[in-house]
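Biologist: I'd love a close look at one small part of this model, and then at what lies around it. Could you walk me through it at an easy pace?

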Amino acid sequence: MNDHAAHANSFGPAAEIYERGRPGYPDAALDWLLPAGRPRVLDLGAGTGKLTRQIADRGLAVTAVDPSEGMLGRLALTVPGVPALIGSAESIPLPACSADAVLVAQAWHWVDPGRAVPEVARILSPGGRLGLIWNLRDESVPWVHRLGEIIGNQERERQTTVGPPFGPVELTHFRWSTTLGPERLIDLVASRSAIILLPAAERAALLSEVRKLVATHPALVGRTEFEMPYITECARADLPA
């Protein structure tokens with residue numbers, strides 16, 4: 001398994017931490033990504049169902065697909081009744097024209113676009129939409145910037161190239177924040193693939209540095225809750241009708 005694949009496949013054993021630590025997505029982003037009047041949605045790379053439950057809460061018919069049994073097992077507990085299937089962007093276990101929209105949250109950077117794009121197009125109906133979404137920490141905030149230095153993975157814009165048979169890609173961003181406390185921040189950091197794959201001693205040392213940040217940074221010291229600011233990056237592209 002190469003390094004990229006190791007990172008992509010690292011999340012299953014950390015499903016509980018992922019569920020506790022990761023945020024959801026702003027409603028405005030879903031409003032922008034989901035096409036009106038097209039109710040069948042595939043959450044591709046669904047993980048523990050962070051996005052799945054928000055789609056289901058809108059009364060849409062959502063199916064979850066993920067390569068990790070561990071992640072889908074957690075999804076089944078949090079979003080019971082939603083079809084949850086093992087699969088990947090390169091091999092989607094659905095028939096042709098079975099979805100009106102495919103959303104991919106925090107996962108498009110793990111896929112092989114050359115194989116994933118035609119596979120997504122296969123299962124979409126004519127005029128269907130591919131939507132990509134990432135929550136990126138807003139590192140213009142000093143303590144968040146310092147967090148990025150500690151965990152060694154400052155946020156950067158993601159690759160949003162799609163290509164034929166889809167039309168042009170549209171991009172937009174949404175600024176928002178979520179409330180969390182020290183332990184959820186630790187879970188958020190610990191749920192990242194680069195941290196999951198560290199040797200145990202290195203991972204413990206890094207998480208200790210995050211705890212030190214919470215205990216000493218002027219914006220965080222003594223607080224049981226604080227705001228984590230995000231910039232949610234969204235891309236969408238439609239098939240011809």
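Let's begin with one residue: is D100 buried or exposed, and why is it classed that way?

Modeller: Happy to, and please keep in mind that this is a predicted model. D100 is buried, because its relative accessible area is 7%, and the cut-off for buried is under 20%. This aspartate belongs to strand β4, which covers residues 99–105. Its side chain has a polar partner: the side chain of S125, at 3.0 Å. S125 is also among the residues that D100 touches, once those up to four places away in sequence are set aside. That list includes the prolines P35 and P39, the arginines R38, R40 and R129, and also L124 and G128.

Now for the strand that holds several of those partners. Strand β5 takes in residues 124–137, and 13 of its 14 residues are buried, so the rest of the structure largely encloses it. Strands β4 and β5 pair in the parallel sense, with six bridges between them. In this pairing A99 stands opposite L124 of β5. To get from β4 to β5 the chain passes through helix α6, residues 113–123, and this β-α-β crossover is right-handed. As a general point, side chains in a regular strand alternate between the two faces of the sheet.

Strand β5 also has a partner in β7, residues 226–238. Here nine bridges join the two strands, and they run antiparallel. One of the facing pairs is W134 with E233 of β7.

Stepping back, these strands sit in an open sheet of seven, in the order β3-β2-β1-β4-β5-β7-β6, and the pairing is mixed. At the edges are β3 (84–86) and β6 (170–180), each of which pairs on one side only. From one strand to the next, the twist averages 25°.

Let's finish at the β3 edge. Strand β2, residues 61–66, pairs with β3 in the parallel sense over three bridges, and D66 stands opposite I86 in β3. Helix α5, residues 69–78, lies across both β2 and β3, and runs at about 175° to β3.

So if you go back to D100 in your viewer, start from its place in β4, find the S125 side chain at 3.0 Å, and then follow β5 across to β7.

Technical notes. Residues numbered from 1 in each chain as written. Predicted model: local features only at pLDDT ≥ 70, side-chain atom pairs only at ≥ 80, totals over all residues. Heavy atoms only, no water. Helix = DSSP H or I, 4+ residues; strand = E, 2+ residues; numbered from the N terminus. Buried < 20%, exposed > 50% of the residue type's maximum accessible area, 1.4 Å probe, protein only. Polar contact = N/O pair within 3.5 Å; in protein donor to acceptor, adjacent residues only side chain to side chain. Contact = heavy atoms within 4.5 Å. Pairing = 2+ DSSP bridges. Axes fitted to C-alpha atoms, helices over the stretch in contact; angles between N-to-C directions. Right-handed = clockwise from strand over helix to strand, strands pointing away.
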